[in-house]
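Please look at the sequence and the structure below before reading on. The explanation then leads through the strands, the loops and the pocket in turn.

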Amino acid sequence: MLKRSKLFSTILAFVLSAAVAVSVTSCGSSNSSSSSASSETSVSESAETSSEASSEASSEEASSEESSEVSEEVSAAETAEATDIGEGNTEFAFEVVLEDGTTTLYNVHTDEKTVGAALLGVNLIAGDDSEYGLYVKTVDGVTADYDKDGTYWAFYIDGEYASTGVDSTDVVPGSTYSFKVEK
């Protein structure tokens, strides 16, 4: 939609410029050549201004559309009800994002020290132990198997790709931990 709108604005600016140029050249043929040159320069400048205005309007429209899409996504995530799960004095947010973008939110209550132990304790994750730590294959009952379909569960901390494994990440109250299916 954005590309089509920008393309339409650009084409419209050029068509209007051409129409004005033809009109000025036809009307100004009885005038002196300096007047005609002056008119053509004026038309050219007005076409550039018109084109720039169309581009700016398209850019503003695009920014507005992108901004509203982002704010719709944020408000959908904010308004979604989180399910309370587990028991303990420490609470953190946990989100599960499937390949189609469907998101499930949890408020995890725990006394565990690591995110991995807390999520294992409430049966939200499962996987295999490896030399690098827990390799999470199943989250909230959904399995991602890289060997079968090229997908895997990516671990995020406060929206940033985690540099530590889930089983070596300390619980920080107020943080949001996420697992997202990725290819």
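The paragraphs that follow describe a predicted model.

It is useful to begin with how strands come together. Strands of a sheet pair through backbone hydrogen bonds, and the pairing is either parallel or antiparallel. The model offers an open sheet of three strands, arranged in the order S4-S5-S6 with antiparallel pairing. Strand S4 (125–130) and strand S6 (142–143) are the edge strands of this sheet, since each of them pairs on one side only. Between S5 and S6, the antiparallel pairing rests on two bridges.

One residue of this sheet deserves a closer look. Thr138 is located in strand S5, and its bridge partner in S6 is Thr143. The side chains of these residues also meet: that of Thr138 makes a polar contact with that of Thr143, at 2.8 Å. When neighbours within four places in sequence are left aside, Thr138 is in contact with Leu124, Ile125, Ala126, Thr143 and Trp153.

The loops beside these strands hold two residues with a notable backbone angle. Asp140 lies in the loop between S5 and S6. Its phi is near 50 degrees, a positive value in a residue that is not glycine. Is Asp140 buried, partly exposed or exposed? Its relative accessible area is 29%. Because the partly exposed class runs between 20% and 50%, Asp140 counts as partly exposed.

Asn123 is found in the loop between helix H3 (115–121) and S4. Phi of Asn123 is near 60 degrees, again a positive value in a residue other than glycine. Here the relative accessibility is 68%, and a residue over 50% is classed as exposed; therefore Asn123 counts as exposed.

Attention now turns to strand S9 and its partners. Strand S2 (residues 90–97) and strand S9 (residues 176–182) run parallel and are joined by five bridges. Within this pairing, Phe94 stands opposite Tyr177 in S9. S7 and S9, by contrast, run antiparallel, and six bridges join them. Here Ala154 stands opposite Lys180 in S9.

Which residues does Lys180 touch, apart from those up to four places away in sequence? They are Glu95, Val97, Tyr152, Trp153, Ala154 and Tyr156. Lys180, which lies in strand S9, is partly exposed, because its relative accessibility of 24% falls between the limits of 20% and 50%. The chain also brings Lys180 and Ala144 into relation: these residues are 36 residues apart along the chain, and their C-alpha atoms are separated by 9.8 Å.

The last feature is the largest pocket, which contains about 310 Å³ of space. It is lined by 17 residues, of which Leu134, Tyr135, Trp153, Phe155 and Gly165 are the closest to its centre. Which elements give two or more residues to this lining? They are strand S5 (133–139) and strand S7 (152–157). The lining of the largest pocket comprises 12 nonpolar residues, four polar residues and one charged residue.

Two of the strands described above thus meet again at the pocket: S5, which pairs with S6 over two bridges, and S7, which is joined to S9 by six bridges, each give two or more residues to the lining.

Note on methods
Residues are numbered from 1 along each chain as its sequence is written. This is a predicted model: local features need pLDDT of at least 70, side-chain atom pairs count only at pLDDT 80 or more; totals for chains, interfaces and linings use all residues. Side-chain values use heavy atoms; hydrogens and water are left out. On a 1 Å grid over the protein atoms alone, a cavity is a set of points where a 1.4 Å probe fits but cannot get out, and a pocket is an open set with protein on both sides within 12 Å along at least five of seven lines; lining residues have an atom within 4 Å of a point. Grid points are joined across faces, edges and corners, and a volume is the space filled by probe spheres set on the points. Helices (H or I, at least four residues) and strands (E, at least two) are DSSP runs, numbered from the N terminus. Ala, Val, Leu, Ile, Met, Phe, Trp, Tyr, Cys and Pro count as nonpolar, Asp, Glu, Lys and Arg as charged, and the others, Gly among them, as polar. Two strands pair if DSSP finds at least two bridges between them. Buried means under 20% relative accessible area, exposed over 50%, partly exposed in between (1.4 Å probe, protein chains only). A polar contact is a pair of N or O atoms within 3.5 Å; within protein, one must be able to donate a hydrogen and the other to accept it, and residues adjacent in sequence count only if both atoms are side-chain atoms. Contact means heavy atoms within 4.5 Å.
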